[in-house]
Protein chains: 2
Amino acid sequence: MALSAVHDMLRSDLEQVDRRLRQRTVNSYEFVDMAVRHVIEGGGKRLRPMLALLAAQACGYEDDARFDLAAAMELIHVASLVHDDVIDEADMRRNRETLNVRFGNKVSVLVGDYMHARVLAILVACGATEPIYRAVADATQSMCEGEVIHAYKADDFDITVEDYLNIMDLKTARLISCSCRVGALLAGADDDMVDAMGVYGSALGVAFQIVDDVLDLTGEQTTFGKPTRNDLREGKLTLPVMHARDNCSDADRETLRGFLFADERSAEDVDWIVALTQEHDGVGHAMALARKMSTQACDAVALAPASGARDGLLTLAASLVEREN
Amino acid sequence: MALSAVHDMLRSDLEQVDRRLRQRTVNSYEFVDMAVRHVIEGGGKRLRPMLALLAAQACGYEDDARFDLAAAMELIHVASLVHDDVIDEADMRRNRETLNVRFGNKVSVLVGDYMHARVLAILVACGATEPIYRAVADATQSMCEGEVIHAYKADDFDITVEDYLNIMDLKTARLISCSCRVGALLAGADDDMVDAMGVYGSALGVAFQIVDDVLDLTGEQTTFGKPTRNDLREGKLTLPVMHARDNCSDADRETLRGFLFADERSAEDVDWIVALTQEHDGVGHAMALARKMSTQACDAVALAPASGARDGLLTLAASLVEREN
């Protein structure tokens, strides 16, 4: 099964999710409603809803409540982006002005909070059980912790690969894992299956994030996307560059440190970093790790009985690693 | 029963609540933990926990889960203050530096989010039922809406008393009402009793907020407090001043508008506003409304069987209106 086949399989389901996402966030105060729409209609891959839907279906669940649950996962993600953009003072997201630029930080903080309130309301509406609430509480807590550590260690040139992967796990993989878990929980799956889905999501989430790092070096600017080499231009360490950092000469390491510490980097500086990373096959090493995680994800989900949804999860794990944007 | 008697009655319970509040927000990342402690240890009246405890007890509930539930209500309140201080760019809160001044806006946004994640975890831990989650979702949504409308209408000199009271209701009274409702819900009270507790909390919450407005004009600076005439100095409309606005001459109204619109107000300007408000008995009118709401609160709670906890609720409603700080 190809990625496009997964998309085709889920197309009408994702339309339902988008409809729920909109319906469940309608607000009678026009200003709030406008701000929410600005964010929700900004698009995105809808990865978390896809995973929640596939996990629920792979565990034999077909009721409509899965659309709400999937919408809640997307809303958690989107709310975190709104607050992240305030924190990072970001201007653009998915080729549109961020909410903080369009409406200001005040509205952004509040709209993020409003979305979190709606997440809880949606969970109530879809008949969430205690383990679902617990999974959501854990994931949202991890996301905050990941952001705080990230903000705190963002300037640490010497951050270890282990710490870096831990931040990726907290910031991104936990919610992706949660999306898979809650799908299985909604389906009433047993603990082993729920855990398997959780492991699948964790591994997939880290792999996904590593590929994001790689695409910063290798990718083309796309409709979804951040401009290529955006992270590098902003002086952010990414996994391929970290590999070069840890394997190059002391002199190159100090040059790299200087470039990343500077307030700005010239195109030549960026080219130099790219060349250093290529010299040490930073992309190759990062991709090897991403593929290993993707395989772990596939192994975990093998516990589920054969089905179109399980095939979808396997395809997703393979294709998200090989994606080009 | 005097207010001090209510405090005495609840002293050991509130110590338990504070212990839970601390235990349930401990974080292994020192930086997060420090920021959370800064906020939680900032004190406060613990009004919401008191109400949750009293409502639960008035409905016959005595299990320890009430301490967690009460802690969750305080944590929602505190998280909203953290984000409000970012939004309002506030420097001081309860005579301490705000978190945003001490740690910056980034940390404040994230710590508020972290606290909300912990609220959900605490609700799970105390065995919350669907109606409790729903009450919390509704209250947190209302608080955001209230803040947005407040931010949006903050500069509207002509805001009606009705709109102003609606903002008070959304921003403050809904969570106070929720604290009472969830106490009754935890106790397994029937719908009528839950609604009665909700009505009690709503009326008390608005009364409480009106008295806050009054104290800005009449109060002394206290250990809890905002400096006297702080709202006035910042050019914020309060209910007593609104009464003067609606009953003074057109000329005075335009003078008042000019003073409140100006970037800054001199001590003489503030004195003039105070004198105008006194002339039209703005405080008297506001207090009459607060007392009416307090009576409504007491009437609602009469549904509960006679008990020390019910007496506590009655005393709270009466004494919060007559408080001097």
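Chain A can be superposed on chain B by a rotation of 180 degrees with 0.0 Å of shift along its axis, and the RMSD of that fit is 0.1 Å. This is the relation of a two-fold axis. Within chain A, the C-alpha that lies nearest the axis belongs to Val109(A), at 3.6 Å from it. The two copies use the same surface, for 100% of the contact residues of chain A recur in chain B. The model described here is a predicted one.

**The interface between the chains**

In the contact between the two copies, 32 residues of chain A meet 32 residues of chain B. About 3,300 Å² of area is buried between chain A and chain B, and carbon and sulfur atoms give 76% of this area. Three residues, Tyr29(A), Ile87(A) and Leu110(A), supply 17% of the area that chain A buries against chain B, which is more than any other three residues supply.

The polar side of the interface can be described by two counts: the rule finds 0 salt bridges across the interface of chain A and chain B, while 6 residue pairs, both members at pLDDT 80 or more, are in polar contact between the chains. On the side of chain A that touches chain B, the elements that give two or more residues are helix H2 (30-40), helix H4 (65-87), helix H6 (105-125), helix H7 (130-153) and helix H8 (161-186) of chain A. Of this side, H7(A) provides the largest share, with 13 residues.

The residues on the side of chain A that touches chain B divide by class as follows.

| Class | Residues on the side of chain A that touches chain B |
|---|---|
| Nonpolar | 20 residues |
| Polar | 5 residues |
| Charged | 7 residues |

**A buried arginine in chain B**

A single residue of chain B, Arg245(B), may be looked at in more detail, and its place is in helix H11 of chain B, which covers residues 239-247. Is Arg245(B) buried or exposed? Arg245(B) counts as buried because its relative accessibility is 3%, and the cut-off for that class is under 20%.

The side chain of Arg245(B) reaches the backbone oxygen of Ile159(B) at a distance of 2.8 Å. When residues up to four places away in sequence are not counted, Arg245(B) touches Phe157(B), Asp158(B), Ile159(B), Thr160(B) and Val161(B), as well as Leu237(B), Arg253(B) and Leu256(B). Ile159(B) is therefore both one of the residues that Arg245(B) touches and the residue whose backbone oxygen the arginine side chain reaches, while Arg245(B) itself is buried at 3% relative accessibility.

Notes:
Residues are numbered from 1 along each chain as its sequence is written. Chains are lettered from A and ligands numbered from 1 in the order in which they are written. This is a predicted model: local features need pLDDT of at least 70, side-chain atom pairs count only at pLDDT 80 or more; totals for chains, interfaces and linings use all residues. Side-chain values use heavy atoms; hydrogens and water are left out. Helices (H or I, at least four residues) and strands (E, at least two) are DSSP runs, numbered from the N terminus. Buried means under 20% relative accessible area, exposed over 50%, partly exposed in between (1.4 Å probe, protein chains only). A polar contact is a pair of N or O atoms within 3.5 Å; within protein, one must be able to donate a hydrogen and the other to accept it, and residues adjacent in sequence count only if both atoms are side-chain atoms. Contact means heavy atoms within 4.5 Å. Copies are superposed by least squares on the C-alpha atoms of residues with pLDDT of at least 70 in both. Buried area is the accessible area (1.4 Å probe) that two parts lose on being put together, summed over both. A salt bridge is a side-chain nitrogen of Lys or Arg within 4 Å of a carboxyl oxygen of Asp or Glu. Ala, Val, Leu, Ile, Met, Phe, Trp, Tyr, Cys and Pro count as nonpolar, Asp, Glu, Lys and Arg as charged, and the others, Gly among them, as polar.
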